[in-house]
Amino acid sequence: MTGRIAELAAEYDRTAAFPAESLRIAHEAGLLTATIGEQYGGGGAGVEESARILHSLGRADPSVALIAAMTLTNHARQAVQPHWPEELYARVVKESFERPVLLNHARVEPDLGSPARGGLPATRARRTAHGWAISGTKRFVTGAEGLDWFLVWATTDEDEPRVGTFPVSGDSPGIEITGRWDQLGLRASGSHDVTFRDVEVPHGQVIGLAPHGPAAEQDNRAGAALHLPLAALYLGVARAAQAFFHTFAHARVPANLGHPVARTERFRRTAGEIEVLLAAAEQLVFDGAAKLDTGDTSYPPEQALGARVLADRHGVRAVELAVRLLGNPGLSRGNPLERHFRDIQCAPVHAPQEDISLLAIGTKALNP
C-alpha cells in the first residue's frame, strides 16, 4: 500500500497538487480511520499505533502523512475525551468509513503567528439568529484544498468575549484560499492561507468555548499524543533517506575503486552514525508512545517534548550526513534524497518549536 503512495510522491512534490489518490489509498487501507474509538465502530488505535502509522506514511510521502496526522489526532482526541458535539461527530464518523474525510485545525494567523507562543485569535465569531458567522484569515492550514472540516479557532463578539473552536464544513460558502503554499518542503501538503468571510456555523456546533484569557491559550505541555506521532512521521522521512543512501552506496562503483562505495570505511562509518541517530530517536518516540497508551504516570509531558526535540535533531542530522557524503548526486532532483532533504527541514518548524519546548523542559527541571 505505502509502495504505491511512495511512487506517487515525486509527482505530487513536483506539481504541488493535492495528493487525493494517495489519501484514497490510505483510506482504503483503514489508516485514516484507525483512531476512531471503539464506541463509534473504529479500532481505537492508541498513540503508539498512530506513531507507527505515521512513521510508515512518512517514509512513503510525508505530505500525505501530515494530512493524515491531523485527521488521526482529531479522532483520537474524540475517543479519549469527547469534544465535538455528539450528533455532528456521529455524522462525521459515518462518512469517514465510506470515503476519506479530512479534518484539521485552522489556528495560525498572519498577525498572531503560532498559538504555541501565546496570544488570542483575531478571527471573530459573530452571533447570528441561527448560530455564528466566522470571519478571519488563517495561515498554514494543511490539506486546505481537500478538507471536509476546518476547526476554526476564533474569539466571539460578545460583551465578555469567549474563545473556542468552530467546526466549519469545507463546502460552506465564504471560504477562500487566499495565499498559496509555496515552501521548500512538504509541497503537496497544501498548507495554504484560508480566509473565512461570514461563514455560517449552526448554534451548538462549537467546541470548548471558554472565557477570553490565559486559560484559553494553547497548552504546549498537553499535546504529547500529537508530539510523538509527529516526531515518528519525520523519522520515517529520515528512514526513506537512509534507504536511498544504502541503495546508492551499493550501486555506485567508481572506476578507481572497482567495487561499490558501500565497502569503503567512509561510507560504512557514516552508515553507522545514521543508524545510531535514527534507532535511538525511534526508541525514545515509540517507548514514550507506549507509556502514554498505558497511562504511565512516570512519563510526564516534558519527556514527550524532549523526545520530539531529539527526534527532530537526529532526523535532520541523519539526512544531512547522507546528502553530504553523496555530494552533488545527493542534491540532484533526479533522485529522492533531494526531496527527503527538503522535507526533513520542516520537522523543527511544527509548534511548539524547539525553544518553547526547551523552556518548558528547563522550567520543570529547575522546579521539580
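**View 1. R124 and S135 face each other across a strand pair.** In this predicted model, R124 sits opposite S135, a residue of β3. The two strands here are β2 (residues 124-127) and β3, which run antiparallel to one another and share four bridges. To get from β2 to β3 the chain makes a hairpin, using three residues to do it.

**View 2. On to the pairing of β3 with β7.** β3 also pairs with β7, again in the antiparallel sense, and this time over eight bridges. If you want a spot to zoom in on, try K138, whose bridge partner in β7 is V194. Further along you reach F140, another resident of β3, the strand that covers residues 131-141. Its backbone is worth a look: phi of F140 is near 55 degrees, a positive value even though the residue is not a glycine. How buried or exposed is F140? It counts as partly exposed, because its relative accessibility comes to 39%.

**View 3. L186, a second positive phi.** L186 isn't a glycine either, yet its phi is positive at about 50 degrees. This residue belongs to the loop that links β6 (175-179) with β7 (192-202). With a relative accessible area of 2%, L186 is buried.

**View 4. I134 and the largest nonpolar core.** The largest nonpolar core holds 85 residues, and I134, F150 and Y234 are the ones touching the most other members. Which helix or strand gives this core its largest share? That would be helix α6 (residues 224-251), with 15 residues. There is also a second, separate core of 12 residues, with W84, Y89, V93 and I207 among them. Back at I134, the contacts beyond four places in sequence include T123, R124 and A125, then V152, F166 and V168. The list for I134 carries on with F196, R197, D198, V199 and V201.

**View 5. Helix α6 from end to end.** α6 is 28 residues in length, and its first and last C-alpha atoms are 41 Å apart. That is close to the 40 Å you'd expect at 1.5 Å a residue. Of those 28 residues, 21 are buried, so the rest of the structure largely encloses α6.

**View 6. T165 and its neighbours.** T165 is part of strand β5, which spans residues 162-169. Is T165 buried or exposed? Its relative accessibility is 10%, so T165 counts as buried, the cut-off being under 20%. Leaving out residues up to four places away in sequence, T165 touches H105, L151, V152, W153, V206 and I207.

**View 7. V319 inside helix α8.** V319 is found in α8, the helix made up of residues 301-326. At 1% relative accessibility, V319 counts as buried. Setting aside residues up to four places away in sequence, V319 is in contact with A238 and A241, and also with L337, H340, F341 and I344. For another distance to check, the C-alpha atoms of V319 and I274 lie 7.9 Å apart, with the two positions 45 residues apart along the chain.

**View 8. A cis peptide bond at P352.** Here the bond between A351 and P352 is cis, with omega at about -10 degrees. Where does P352 lie? You'll find P352 in the loop between α9 (336-344) and α10 (354-366).

Conventions:
Residues numbered from 1 in each chain as written. Predicted model: local features only at pLDDT ≥ 70, side-chain atom pairs only at ≥ 80, totals over all residues. Heavy atoms only, no water. Buried < 20%, exposed > 50% of the residue type's maximum accessible area, 1.4 Å probe, protein only. Contact = heavy atoms within 4.5 Å. Core = buried A, V, L, I, M, F, W, Y, C linked by side-chain atoms within 4.5 Å. Expected span 1.5 Å × (residues − 1). Pairing = 2+ DSSP bridges.
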